[in-house]
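Here are a few exercises to work through with the model open beside you. Try each task before reading its solution.

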Amino acid sequence: MSAMSSNWDRRSVLRAAAGLSAAGALAACGSNNGRSGGGSSGKSLVQYFHAYGEAGTEQAIKKYAKAYDKAAVTTQWITGSDFESKLFATLLTKNAPDLFEFHPQIQLVKSGQVADLTDIIDPVKDDFNPADITSHTVDGKIYGVRMIDDPQFFFYRPSLLEKAGVKVPTTLDELIEAAAKLTTGKVKGLFLGNDLHAVINPMIWSAGADTLDEKNQIAYHTDGVIEGIKKMRKLFTSGDLLLDAPADYWDPSALNQGLCAMQFCGMWAMPQFQQTLGDDIGVFPFPKVTDAGKPSVYNGGWSMFVNAKGKNVDLAKEYVKWLWIDQKKYQEDWATSYGFHIPPRTSIAQSATKLKSGLPAEGVKLFNEYGHFDNIGWTQAMITALEDVFADSVRKGGDPGAALDKADKTVDRELKKLFG
Amino acid sequence: MSTTTTRDLARPAPAKASKARPRRGLRGSSTFNFWLFTSPFLIGLVIFVYVPIGWSIWLSFFEARFTVTPDKFVGFDNYRFMLDNNDFVGSLGTFTVFAAFIVPTTWALSLGLAMLVNRLRFLRAFFRSVFFLPTACSYVAASLIWKMSLFNGVRFGLANTVLGWFGVENIAWLANPDPPWYWLVILTARLWLQSGFYMILFLAALQNIPQELYEAAAIDGAKPGWQTFRHITLPQLRATSTAVILLLLVAAYQAFDEFFNLLSKTTWGRPPLVELYYTALGQNQDYGAGSAGAVMLTLLIVVVTLFQGRIMGFGRGDESK
């Protein structure tokens, strides 16, 4: 037992081990998976939803679930800003939900995490917006049922624009100029969200580029996009942008509380804007960035997926079919009673009277005229890569070309893994 | 004087902690008792620590995306990827900056608080509790308060309101990294949260300094104030100070919550754990690359700890006293 070193080792190793194990034990405590017992009789399903901001949404989803009589459906309402992370992590465990809402992303298909739903969608395929079918299709199989389409665009207060003598912007330069003119002591001209990431895709489209082309190759690395990023940097440093607001872009409060004159947001918040601001609210798409570009709108939205590795795949599919294919009443209620969303099914869209006139109709027009849908090949890792580009060259003053080069590396690595 | 092997236990090693009664009971089969008492701990250790560590090392050689049971062996590819992208290496730099600020400031602040509270004649218990209370607050809750009410970027944020009195424009504390105001937010949050705890440690140590030392110093002509502090108090606090600094360093290494909550979606201000979270557990779910980073980080910590042990004699045991 040579005095020093062996003694030392054992003690410090044990001490370190003790610390580590204490941390491990603590971490193991949080095993509340929300399945209350599970119930020995009767079948049960667990579904994941991200927390919608509109009042009544959680109750609505639970109400639909309760109306289903073939299984007890438990809803996990995931609050917090990183639904993706929680979803992706849980999908690997035994506590994975049987069905969940998300956006179409091909890595979920390639890794066998989402079930093929072609057989339940096929009978009503023609009733769906074709773009919503395309965005969920890989090799002829359809992997998710679209619940709602959510176009994202700018909301503005016409009274403030009039007072400042500003016209509705049709180019990014005009938007920057308008933001400057609309900024007064207490009100900032424009709010794009706290990290600006919501406008990345619209900016790319409005610069005449795209995320990926049809061959699934990088299409965002163009001169127009670089020019757009430089303009965004100018806007970011101008002092006319509302930053670090208590709520992010998806929440209507920045514009509603009079913190800004224009805000990037989504169709879902339209009822709240109207309720607070009355008629003093208008919408416009992301303006064109370059002369070659066109205004654009991101047609986001949410779809239901079935966990292919779950224990109740068939039952989950049945539930998805029951609620999101058969129950049109609930689908319309979900799309128009809380926030405004565009029903992906033509038959429901046609009967949704709330979206037929006034501002909602204008939103639908922007959706149809300028909308870009999800590309299933554009995955979370690639989304993050472009968010890093914005962080590096818009919020930080880095060189856009270099930042895009860096993103290319990540995206290429990803593309190679997915498409070979 | 180790008591951690069975061979040692066969001798009446627990002499130090011995009270006559339990010792007699244990004597019969000390090996059995050793395992009886340590096995719950050891089982937990193996399941929650060593298996994950081993698994992580195994994962680091595979392409493990969206799975923790991969089958595609890629050798050192993950390691190359982690070292190639500047993010992981940069995160070590971020950690260094963070530790260089937070360790001395917390040390100084908690010592200062302890001295102040120690001097109090009245309400000592009250102030002790008041300063200690933030320790009970969670980092996540504090981050949200810091982000949404103290340091938000709009005119009614507390910091901006105060600055507004002096005619200073609203500052975007977190969104704009230029100048890096976010460090102020992070450092103040952590200072508020952890100083109280270390204050208690210092307070205990201060109360342990024999009054006679101060009397002797006074007789020898030491002036109260700086001189006494420098030559009596500080040397007497040496053991506590060392412990506090080590604990602070460990805490800094583990920094995650406030960075994660305050700086969402940035490419800066990411200490190693946050970086690894984004690689392995966040949206990317790249367990291979994440594990490779974790293994390298572990190696680094091991090296630093060994080095530190050599220099400070930490953990050398009682002989060195």
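## Domains and helix pairs, step by step

In this predicted model, the centres of domain 1 of chain A and domain 2 of chain A, taken over C-alpha atoms, are 26 Å apart.

**Exercise 1. Describe how the two domains of chain A touch, beginning with their bounds.**

Step 1: Mark the bounds. Domain 1 of chain A takes in 44-150 + 299-373, and domain 2 takes in 151-297 + 380-419.

Step 2: Size up the contact by residues. Domain 1 of chain A brings 24 residues to it and domain 2 of chain A brings 21 residues.

Step 3: Find the elements on the domain 1 side. At least two residues each come from α4 (106-110), β6 (145-156), β10 (297-306), α16 (358-370) and β11 (371-373) of chain A. The most come from α16(A), which supplies seven residues to the side of domain 1 that touches domain 2.

Step 4: Sort that side by class. The residues of domain 1 of chain A that touch domain 2 comprise eight nonpolar, 10 polar and six charged.

**Exercise 2. Work out how helix α10 and helix α17 of chain A are arranged.**

Step 1: Locate the pair. Helix α10 of chain A covers residues 223-237 and helix α17 of chain A covers residues 380-395; their axes come within 8 Å and cross at roughly 60 degrees.

Step 2: Name the arrangement. Because of that angle, α10(A) is oblique to α17(A). The crossing of the two helices, α10(A) and α17(A), is right-handed.

Step 3: List the partners. From α10(A) come A:I229, A:M232, A:R233 and A:F236, which meet A:S393, A:V394 and A:R395 in α17(A). By class, this contact of α10(A) with α17(A) has four nonpolar, one polar and two charged residues.

**Exercise 3. Do the same for helix α9 and helix α12 of chain B.**

Step 1: Take the geometry. Helix α9 (residues 182-208) and helix α12 (residues 238-253) of chain B have axes 10 Å apart and pack at an angle of about 165 degrees.

Step 2: Name the arrangement. With that angle, α9(B) is therefore roughly antiparallel to α12(B). The crossing of α9(B) with α12(B) is right-handed.

Step 3: List the partners. α9(B) contributes B:Q194, B:Y198, B:L201, B:F202 and B:A205, while α12(B) contributes B:T240, B:V244 and B:A251. The contact of α9(B) with α12(B) contains six nonpolar, two polar and no charged residues.

**Exercise 4. Set the UniProt "transmembrane region" annotation of chain B beside the model.**

Step 1: Read the record. The unreviewed UniProt entry places this feature at several spans of chain B, including 32-53 and 237-256.

Step 2: Check the spans in the model. Residues 32-53 of chain B are 100% helix and 0% strand, with end C-alpha atoms 28 Å apart. Residues 237-256 of chain B are 80% helix and 0% strand, with end C-alpha atoms 30 Å apart.

**Exercise 5. Find where the backbone departs from the usual pattern.**

Step 1: Recall the background. Most residues other than glycine have a negative phi, and most peptide bonds are trans.

Step 2: Look at chain B. The peptide bond from B:D178 to B:P179 is cis, with omega near 0 degrees. B:P179 sits in the loop between α8 (158-165) and α9 of chain B.

Step 3: Look at chain A. A:N216, a residue other than glycine, has a positive phi near 60 degrees. The loop between α9 (200-206) and α10 of chain A holds A:N216.

Notes. Residues numbered from 1 in each chain as written. Chains lettered and ligands numbered in written order. Predicted model: local features only at pLDDT ≥ 70, side-chain atom pairs only at ≥ 80, totals over all residues. Axes fitted to C-alpha atoms, helices over the stretch in contact; angles between N-to-C directions. Helix = DSSP H or I, 4+ residues; strand = E, 2+ residues; numbered from the N terminus. Parallel < 35°, antiparallel > 145°, perpendicular 65-115°, else oblique. Left-handed = near helix turned anticlockwise from the far one by under 90°. Contact = placed C-beta atoms within 7 Å. Nonpolar A, V, L, I, M, F, W, Y, C, P; charged D, E, K, R; others polar. Domains from an automatic or database assignment. UniProt positions renumbered as here; feature names shortened; annotations may be inferred.
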